[in-house]
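Q: Could you take a close look at one chain of this complex, the smaller details of its fold included, and then set that chain in the context of its partner? I would like a connected account that keeps the reliability of the coordinates in view.

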Amino acid sequence: MSTPSADVLAVLEATFDAVVIMDDRGRILAFNRSAEEMFGYRTADALGRNVSMLMTGVDRATHDDNLKRYLGGGESRVLGKGRDVMVRHRDGSEFSVFLSVGRIPNTEPPQFIGFLHDTSLRRRALATLQHERELNRLYLDLAQVMLVATDRAGVIQLVNQRAIRVLGRQEADLIGQPWADCCVAPHDRPLARAAYRALLMSGSDEPQSCEYHVRTFDGDERFVTWRGVALRDGGETPTGILLSGEDITDQRRAEGEAHKAMERMNSVARLATMGEMAAGISHELNQPLAAIANYAQACARLLRTPAADLPEVTGALDQISSQALRAGEIIRRIRSLVRNEDVRRERHDINGLIREVHALLATDARVHDGRLILDLGEPLPPVTVDGVQIQQVMMNLVHNAFEAQGLEPHDGVPFEVRIATTLTETGDVEVSVSDFGPGLEGDVEQKIFEPFFTTKATGTGLGLAISRSIIKAHDARLGYRANQPRGACFFFVLPALQEASR
Amino acid sequence: MKDLPSTVFVVDDDDAVRNSLKLLLKSAGIAAESAASAQEFLSTYDSSQPGCLVLDVRMPGMSGLEMQHELNVRGAIIPVIFISGHGDIPMAVEAMQHGAFDFLQKPFRDQDLLDRVQRALARDAENRTRLRLTDRIRERLSTLSPREREVLQLVTQGKANKMVAGDLGVSQRTVEIHRAHVMQKMEAGSLAELVRMMMTVAQ
């Protein structure tokens, strides 16, 4: 095995390409600095090793055989031809190089020289450029906004996928068309044109916003919020406009629905608080009352003992008076609650208010396995009421009605609650809630509106009292009459809104 | 071991209710201690202290029902009388299902509370006596040899010495000796007493 001369090696060191010389058995005889850099082996480590360690795949596996075949007089598929091959770095990574191999003349046994040119960098650069172009288009298309570029005259130059999708048209049908005439909803075209002119005239690079409808291919309209910016190709005068638009049709719709749902929730919450408030009130009041009872009873016991501890009795009496004051304070708070600081009396259609809470009321019916019947008179004059408060009263009355009937077996008796609205002789609006339960006995009828009076095991005795105070605040009266043929009927008459006062 | 004197523990977050209850119990000659929260009570509670609990249902933090649950988990046997400011039937039912001794709605007549407290204290004393008794019986049982245990089992099933001897394959004389040891170790004066002891343990 003869090594290349010092002259040759010096030349190789100066070569930019990686150069590897091998002998007839594939052993590395020379490995220049560029090769060191390319493959990560030090020359001293590479020398004498089989060159196939630098190869990958099939090349690596068949190199020795191919070499033998060539040396035995076979054709070479490699010599004198440059080709791209994948090679292997010392760290195992693979990369592509441009390889040309030649047989060194006058060497016996023959030696071969390989020049390797790293093409992966160039490739990568090319691929990156291509990739970036695709990416730009992708970004344009992936953008969650509609992008539309027009020239000065408003003729479409470019649209992205999002815009194409919203407009429901082909790209080819849009390019070259006038934007406003082709895509803007007719009633919004003046608006769109004005915004367009303003943008061209402004001379500013600041984006400007506007909102208008576009018309889709199907003739639908989508509501879009736009930001427009003037395009200037270096010069002062705008050459066109770039519009980015967001289709907010669904969002607007959802907002509207959310708003309505929120309002419903609020009124449900206020309706629910009536029962909870009552429970809270009785708990709050029972605390000081319990303390008063305990203290008073303790005093009585202490005073019965021969040598009563008088300071202790005095302390307990002080506590009794302060707890009585505490109870009074709670009652004052309740009264201010029931007086309802934020009464919002507005013009309402009573039937509309009832229909609004019908779904909620129907749950009560389902729980009691009964029916809720609406018997609403039409047409009725409008009334000025706090809608939610009237709905609270309706909830309470209907709830009571179902509960009253739930107390006894109802064989053959229709298990239903009827809400009726009628026009009275005086032209006012009567609302009634009737059931087919046991109705009210004589003395109960007297007490039913009294606070804390209840016939129910879990009742607080506040529902009807609060309902009555609400109705009273509406210049009306919550009344009771027996229902025919049986049951109870609660009713109130709301004064009709006079035409003159509208 | 003699029991410590019984104490009524009042747990209620409302200062006025808590203090008035303590005074009421004191005026009736009953020792009372109080805590303003379930956590405060649980952190100092010694289950060997006999007594009963007067527990408010609705408290911020851990509610009365949650505290009852915690006591059950700890295996405490203290009787619990719930007091509530609002007559909540489902809540009362739940409390009773979980072993509450009684349920009172605030405000209450002093005699109603004191009667229940006395009954709860009596129940607690009973429970503790029974527990102590079973502990003692178990202790004695543990001193028996395996053979003596077999004899005990058969004898308390009502078998005569002769039958026991047959069952165990030993002489009647041997059974008599084992039986005497059992009676002695168990400190039983009669077979009837021995049977009663076994029933107590089985409970």
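A: The model is predicted, and a careful reading of chain B begins with its confidence: the mean pLDDT of this chain is 88, with 97% of its residues at 70 or more. Within chain B the values vary by element, from the lowest mean, 78, in helix α4 (residues 89-97) of chain B, to the highest, 95, in strand β1 (residues 7-11) of chain B. As a general caution, predicted coordinates should not be read in detail where pLDDT is low. For the complex, the predictor reports an ipTM of 0.71 together with a pTM of 0.41.

Chain B contains nine helices and five strands, and its elements, read from the N terminus, follow the order β-α-β-α-β-α-β-α-β-α-α-α-α-α. Of its 203 residues, 33% count as buried. Among the contacts in chain B with a separation of 6 or more, 61% are between residues 24 or more positions apart.

Strand β1 of chain B, where confidence in this chain is highest, offers a good place to look at single residues. Phe9(B) belongs to this strand, and its surroundings can be described in some detail. Leaving aside residues up to four places away in sequence, Phe9(B) touches Glu33(B), Ala35(B), Phe41(B), Gly51(B) and Leu53(B). Phe9(B) has 19 C-beta neighbours inside 10 Å and therefore counts as partly exposed, since a residue is called buried only if 20 or more other C-beta atoms lie within that distance. A further relation in space links Phe9(B) with Val80(B): the two are 71 residues apart in sequence, while their C-alpha atoms are 9.5 Å apart.

Further along chain B, two helices pack against each other, namely helix α6 (residues 146-156) of chain B and helix α8 (residues 172-185) of chain B, whose axes are 9 Å apart and meet at an angle of about 90°. That angle makes α6(B) roughly perpendicular to α8(B). On the side of α6(B), the contact is made by Arg147(B), Glu148(B), Val151(B), Leu152(B) and Val155(B), and on the side of α8(B) by Val175(B), His178(B), Arg179(B), His181(B) and Val182(B). By residue class, this contact of α6(B) with α8(B) divides into five nonpolar, two polar and three charged residues.

Turning to the partner, the contact between the chains takes 16 residues from chain B and 21 residues from chain A. On the side of chain B, helix α1 (residues 15-27) of chain B supplies the largest share, seven residues. The residues of chain B that touch chain A comprise eight nonpolar, four polar and four charged ones.

Chain A has 15 helices and 17 strands, and buried residues account for 27% of its 502 residues. In this chain, 54% of the contacts with a separation of 6 or more are between residues 24 or more positions apart. One part of its strand content is an open sheet of five strands in the order β7-β6-β10-β9-β8 (chain A), with antiparallel pairing. Because β7 (156-159) and β8 (208-215) of chain A stand at the edges with a single partner strand each, one side of each has no neighbour in the sheet. Direction ignored, neighbouring strands here are turned by 30° against each other on average. The edge strand β8(A) is joined by eight bridges to strand β9 (residues 221-231) of chain A, and the two run antiparallel; here Gln208(A) stands opposite Gly228(A) in β9(A). Helix α9 (residues 189-202) of chain A packs on this sheet, where it touches β8, β9 and β10 (240-247) of chain A, and its direction makes about 150° with that of β8(A).

Chain A also offers pairings that involve β5(A). Strand β1 (residues 18-22) of chain A pairs with strand β5 (residues 111-118) of chain A in the antiparallel sense over five bridges, and Met22(A) stands opposite Phe112(A) in β5(A). Strand β4 (residues 94-104) of chain A likewise pairs with β5(A) in the antiparallel sense, over eight bridges, with Asp118(A) in β5(A) as the bridge partner of Val97(A). The hairpin of β4(A) and β5(A) has six residues between the strands, and in this hairpin Asn106(A) takes a positive phi near 60°.

Technical notes. Residues numbered from 1 in each chain as written. Chains lettered and ligands numbered in written order. Predicted model: local features only at pLDDT ≥ 70, side-chain atom pairs only at ≥ 80, totals over all residues. pLDDT = per-residue confidence, 0-100. Helix = DSSP H or I, 4+ residues; strand = E, 2+ residues; numbered from the N terminus. Buried ≥ 20, exposed ≤ 12 C-beta atoms within 10 Å, placed from the backbone. Contact = placed C-beta atoms within 7 Å. Nonpolar A, V, L, I, M, F, W, Y, C, P; charged D, E, K, R; others polar. Pairing = 2+ DSSP bridges. Axes fitted to C-alpha atoms, helices over the stretch in contact; angles between N-to-C directions. Parallel < 35°, antiparallel > 145°, perpendicular 65-115°, else oblique.
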